[in-house]
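Open the model in a viewer and keep the sequence panel beside it. The stops below go through a pocket, a cavity and the nonpolar cores.

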Amino acid sequence: MDRRRFLTTAGALSVAAAIGDLHAADRAFDPTEQSIASLQRALAAGAVTSEALTAAYLKRIARFDHHGPEYRSVLALNPNALKDARALDAERKAGKLKGPLHGIPIIVKDNIETRDAMATTAGSYALAKSFRPADAPLAARLRAAGAIILGKANLSEWANFRSTRSCSGWSGIGGQVRNAYDPARNPSGSSAGSGVAAAASFCAAAIGTETNGSILSPSSINGLVGLKPTVGVVSGKGVVPISPRQDTAGPMCRTVGDAAILAAVIAERPLGLGAHGSDIEAFRLRGVRIGVMPVPQGAHPDTARLFADARAVLEQEGAVTVDLKPAKAFDEMGESQLDGLLYEFKDAINAYLATLDPSQVDCRTLADLIAFNQAHADEELIVFGQEIFEMAQAKGPLSDEAYQKALATLKRTADVEGLATLLGQQGVEVLLGPSNGPADLIDSVWGDRRGGGSSQIASAAAVAGYPSLTVPAGLINGLPEGLTLVTARNQDGLLLQVARAYERAANARVPPHLMI
């Protein structure tokens, strides 16, 4: 029995045992589409317990994710989740609440270390036995706020940084994640499992990670709010790296309010705000100046319609919209993006692997990972190769002149002559563009056909470390499309405020109908 099937079976047995002990009212509780706030109200009122809520999510995972249509979004279940839930129920009964997530089940991407009996694999068999003794700081902050770590989400293996022809959402251990709105469609990567699990109500909310598009893209494709925080706001320690310069974790949720709660919990410092107050619900768009980017060529024909509708909503709410042209410098980012990441990945992954327990993980370097994949090609190389690994291995140290030149180019094109220039025009506070979508079909022959799948401003934000956010804008032929918002560094809270004002007025998210 493979690791994934074993954990699925263990989880199913735990669910069966738990449900057998629950009261009828607990068994009837439906967590589908429930916000964190609504779940907290139900818990406070005694309408459900955290144990029953956890069991309800596990039951949905068993029914839809591990059986039935097999969305394959959850890679591993925490065998201690129900025990943790019972302990939190006891604390609630005693009047001791840890924080805003007390008793709320959360799923984290399987490149984030936790101290539970779940390996941190990045989807690779090379890390299948990498059990960590402590939580990553962001996981520790979730737990300190009362969250139940329900499980680990499947992902594009190695966070989609292994092959130039990858199929987003596929990993050797977890197989292919399927889009929450259509199992035949691509869930987008690399936080594919986090996106599908949150969209399908397999958890209250999820945590993903992004280097370039890996929170925003699967969030928009799966009808979610996704926030990529300013790089450095959330600790990257204990997260399998690609680029410390660009990597960050962030929330992937069904509502902006949920994203705001999770962002505030995992952030190491307060979320920055503009000049419009700190209350997300009291915030209004009156007078906020939004720079509107054009719909890119090659977008779906209906994207322009949804984007125009969204702009009209923002204007009706009082925002001042200003048409902007894309920065010419964006076109010059080119090969410097990949070149910089290749150097950074080799350096960062070698350093990370050196911290792992050698009794659990044989691979100590990137060269070892390449050799491992070659030796286990029937498990690891059956869908796509490892060209990016090999390109990274060929790079030298970070002191190389070529790397330093790439960094200088990226700072100029993405930041100084890019986003900073756009945000400096006509008093603009926030940039607006369409997110990617609707989803392509899963294609294991050609792999992903849209590159990183993110808009120019989102890609530039990833490179420059600016915060970015996607919020649902509606459906195209039953598949989600989103809006992308970008603002200056350390103004993450402003993005949440603008997104909440739009969400309140547009009410554009349509939940998926899970197929049996």
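Which element supplies the largest share of the lining of the second largest pocket? In this predicted model, that share comes from H12, with three residues. Select helix H12 (334-353), then add strand S6 (205-210) and strand S8 (248-253); each of these elements supplies at least two residues of the lining.

Stay at this pocket, which has a volume of about 350 Å³. To centre the view, select Gly 236, Val 239, Pro 241, Pro 244 and Asp 247, the closest to the pocket centre of the 26 residues that line it. Coloured by class, the lining shows twelve nonpolar, eleven polar and three charged residues.

Next, go to the enclosed space. The structure holds one cavity of 30 Å³ or more, and the largest cavity contains about 40 Å³ of space. Its lining can be selected as Asn 111, Ala 122, Leu 155, Trp 158, Ala 159, Val 240, Pro 241, Ile 242 and Phe 345. Eight of these residues are nonpolar, one is polar and none is charged.

Now turn to the largest nonpolar core, which has 101 residues. Select Leu 101, Leu 138, Leu 142, Ile 207, Leu 469, Val 498 and Tyr 502, which touch the most other members. Then isolate Tyr 502: leaving aside neighbours within four places in sequence, its contacts are Leu 285, Ala 310, Val 313, Leu 314, Val 471, Pro 472, Ala 473, Leu 483, Asn 507 and Ala 508.

Finish at another core, of 24 residues, that lies apart from the largest one. Among its members are Ile 242, Phe 345, Val 361 and Ala 392; Ile 242 and Phe 345 also line the largest cavity.

Methods. Residues are numbered from 1 along each chain as its sequence is written. This is a predicted model: local features need pLDDT of at least 70, side-chain atom pairs count only at pLDDT 80 or more; totals for chains, interfaces and linings use all residues. Side-chain values use heavy atoms; hydrogens and water are left out. On a 1 Å grid over the protein atoms alone, a cavity is a set of points where a 1.4 Å probe fits but cannot get out, and a pocket is an open set with protein on both sides within 12 Å along at least five of seven lines; lining residues have an atom within 4 Å of a point. Grid points are joined across faces, edges and corners, and a volume is the space filled by probe spheres set on the points. Helices (H or I, at least four residues) and strands (E, at least two) are DSSP runs, numbered from the N terminus. Ala, Val, Leu, Ile, Met, Phe, Trp, Tyr, Cys and Pro count as nonpolar, Asp, Glu, Lys and Arg as charged, and the others, Gly among them, as polar. A nonpolar core is a set of buried Ala, Val, Leu, Ile, Met, Phe, Trp, Tyr and Cys residues joined through side-chain atoms within 4.5 Å. Buried means under 20% relative accessible area, exposed over 50%, partly exposed in between (1.4 Å probe, protein chains only). Contact means heavy atoms within 4.5 Å.
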